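Q: Could you walk me through this one? I'd like to start with the pocket and then move on to a helix.
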Amino acid sequence: AAVGEIPPPHRQMEHYDRLRRRLLERLEGVEGIRFHIPKYGVPYIIHLSALGLKSETMLHYLAQKEVYVSSGSACSKGAKSPVLTALGLPAAEIDSALRVSLCRYNTEEDIDRFAETLLEAMTTLARR
């Protein structure tokens, strides 16, 4: 699919994989970012932690910028994620975990905007 074009169903996994790689390229090596991506995980769910900042604080900041992600894992419903706990993640990484769920309508521009806004949030909120 061309940039900005919605991929047909048989090309969606490639689309998700391309967006996931783009996000990794934008944020890998950034101090305070930890990715929690299993080797054989689905490419349309990306878990990461922005260390030192609570998930809820980050969610509110991102929402003010019209960037919407979730915290923890899908099964946690506001509680400490049993999945992330079972993975053996430290409490600090669980408390700062974000879940990025991609869909076929997401674009590379969406990924860039999320990465830029996340980095802005980390800088802004760390000063408070």
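A: A word on terms before the pocket: Ala, Val, Leu, Ile, Met, Phe, Trp, Tyr, Cys and Pro count as nonpolar, Asp, Glu, Lys and Arg as charged, and the others, Gly among them, as polar. Please keep in mind that this is a predicted model.

Q: OK, so how do the residues lining the largest pocket divide?
A: The lining of the largest pocket has seven nonpolar, two polar and three charged residues, and the pocket's volume is about 250 Å³.

Q: Which element gives the most to that lining?
A: That is α5, with four residues; β4 (97-101) and α5 (108-126) each supply at least two. Among the lining residues are Glu66, Tyr68, Ser101, Asp110, Arg113 and Phe114.

Q: Switching to α1, does its length agree or disagree with what it should span?
A: It agrees, because the 16 residues of helix α1 (residues 12-27) should span 22 Å at 1.5 Å a residue, and its end C-alpha atoms are 23 Å apart. After α1 comes Gly29, which has a positive phi near 85°.

Q: What covers the buried residues of α1?
A: The cover includes β1 (33-35), β2 (45-50) and α5, while the buried residues themselves include His15, Tyr16, Leu19, Arg20 and Leu23.

Q: And how many aromatic pairs does the structure hold?
A: The structure holds one. Tyr16 and Tyr44 form this edge-to-face pair, 5.3 Å centre to centre with 65° between the planes, and the pair links distant parts of the chain, since Tyr16 lies in helix α1 and Tyr44 in the loop between β1 and β2, 28 residues apart.

Q: Is Tyr16 buried or exposed?
A: Tyr16 counts as buried because its relative accessibility is 9%, whereas Tyr44, at 30%, counts as partly exposed.

Methods:
Residues numbered from 1 in each chain as written. Predicted model: local features only at pLDDT ≥ 70, side-chain atom pairs only at ≥ 80, totals over all residues. Heavy atoms only, no water. 1 Å grid on protein atoms, 1.4 Å probe; cavity = no way out; pocket = protein on both sides within 12 Å on 5 of 7 lines; lining within 4 Å. Points joined across faces, edges and corners; volume = space filled by probe spheres on them. Expected span 1.5 Å × (residues − 1). Buried < 20%, exposed > 50% of the residue type's maximum accessible area, 1.4 Å probe, protein only. Contact = heavy atoms within 4.5 Å. Phe/Tyr/Trp six-rings, centres within 6.5 Å; stacked < 30°, edge-to-face > 60°.
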